[in-house]
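Student: I am new to this structure and would like a close look at one part of it. Could you take me slowly through the pocket and the places around it, once I have the whole in view?

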Amino acid sequence: NENAQTASQASVKLQLSEQLNEQLKERHQKEIKELKEALKAKEAALAEALDRAKNTAEARRGEVEAKQAVEAELAAEREKVEQLMSAASSSGANEAETAATLQREADHRQRLQQEQERNKVVLELFHKQQV
């Protein structure tokens, strides 16, 4: 009779142990699923952040290239003005013509500077939109 009772208790313990193991297995599977979903969400967020960083870097490169182009053009214009001034002083060219040419060069230089400022504003707006 004691053997039957011990066997019955062992059977109950075994069933409880199996149920507990099954519950733990289900809980672990659920936790694993949640962790995988969280990982996917983090990967997506990181990919998006990386894309934003790449776009910002490209915009900055474009800004630097535009600035360098305008600066090179301004340098070329300064060189032209200096050459004209040198030629005018050495050859005794017509002062009115020289003044008009210098004014045109100065106007052109001013337009280039305004264009550079507009480019800067546009790029700043672009950066703000990226953020």
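Tutor: Of the 131 residues of the protein chain, 11% count as buried, and it should be said at once that this is a predicted model. The chain holds two helices and zero strands. Its radius of gyration is 39 Å, well over the 14 Å that the globule rule gives for 131 residues, so the chain is more spread out than a compact globule. The outline of the C-alpha trace agrees with this picture, since along its principal axes the trace spans about 135 × 20 × 10 Å. As for how parts of the chain meet, among contacts between residues at least 6 apart in sequence, 85% join residues at least 24 apart.

With that in view, we can turn to the pocket you asked about. Rolling a probe the size of a water molecule over the atoms shows where empty space is left. The largest pocket has a volume of about 160 Å³, and the elements that give two or more residues to its lining are helix 1 (2-91) and helix 2. The lining consists of Glu63, Val64, Ala66, Lys67, Val70, Gln116, Glu117, Asn119, Lys120 and Leu123. Sorted by class, that lining has four nonpolar, two polar and four charged residues.

One of the lining residues, Gln116, also appears among the contacts of leucine 74, a residue found in helix 1. Leaving aside its neighbours within four places in sequence, leucine 74 is in contact with Arg109, Leu112, Gln113 and Gln116. Leucine 74 has a relative accessibility of 5%, and because buried means under 20%, it counts as buried. Following the chain from leucine 74 to serine 86, one moves 12 residues in sequence and 18 Å in space, C-alpha to C-alpha.

Helix 2, which covers residues 95-130, offers two further residues to set side by side. Threonine 101 lies in this helix and, at 15% relative accessibility, counts as buried, while its side chain is joined to that of arginine 104 by a polar contact of 3.0 Å. Valine 122 is also found in helix 2, but at 53% relative accessibility valine 122 counts as exposed. The C-alpha atoms of valine 122 and arginine 78 are separated by 26 Å, and these two residues stand 44 apart along the chain.

Conventions. Residues are numbered from 1 along each chain as its sequence is written. This is a predicted model: local features need pLDDT of at least 70, side-chain atom pairs count only at pLDDT 80 or more; totals for chains, interfaces and linings use all residues. Side-chain values use heavy atoms; hydrogens and water are left out. Helices (H or I, at least four residues) and strands (E, at least two) are DSSP runs, numbered from the N terminus. Buried means under 20% relative accessible area, exposed over 50%, partly exposed in between (1.4 Å probe, protein chains only). A polar contact is a pair of N or O atoms within 3.5 Å; within protein, one must be able to donate a hydrogen and the other to accept it, and residues adjacent in sequence count only if both atoms are side-chain atoms. On a 1 Å grid over the protein atoms alone, a cavity is a set of points where a 1.4 Å probe fits but cannot get out, and a pocket is an open set with protein on both sides within 12 Å along at least five of seven lines; lining residues have an atom within 4 Å of a point. Grid points are joined across faces, edges and corners, and a volume is the space filled by probe spheres set on the points. Ala, Val, Leu, Ile, Met, Phe, Trp, Tyr, Cys and Pro count as nonpolar, Asp, Glu, Lys and Arg as charged, and the others, Gly among them, as polar. The radius of gyration is taken over C-alpha atoms; the globule rule is 2.2 Å times the number of residues to the power 0.38. Contact means heavy atoms within 4.5 Å.
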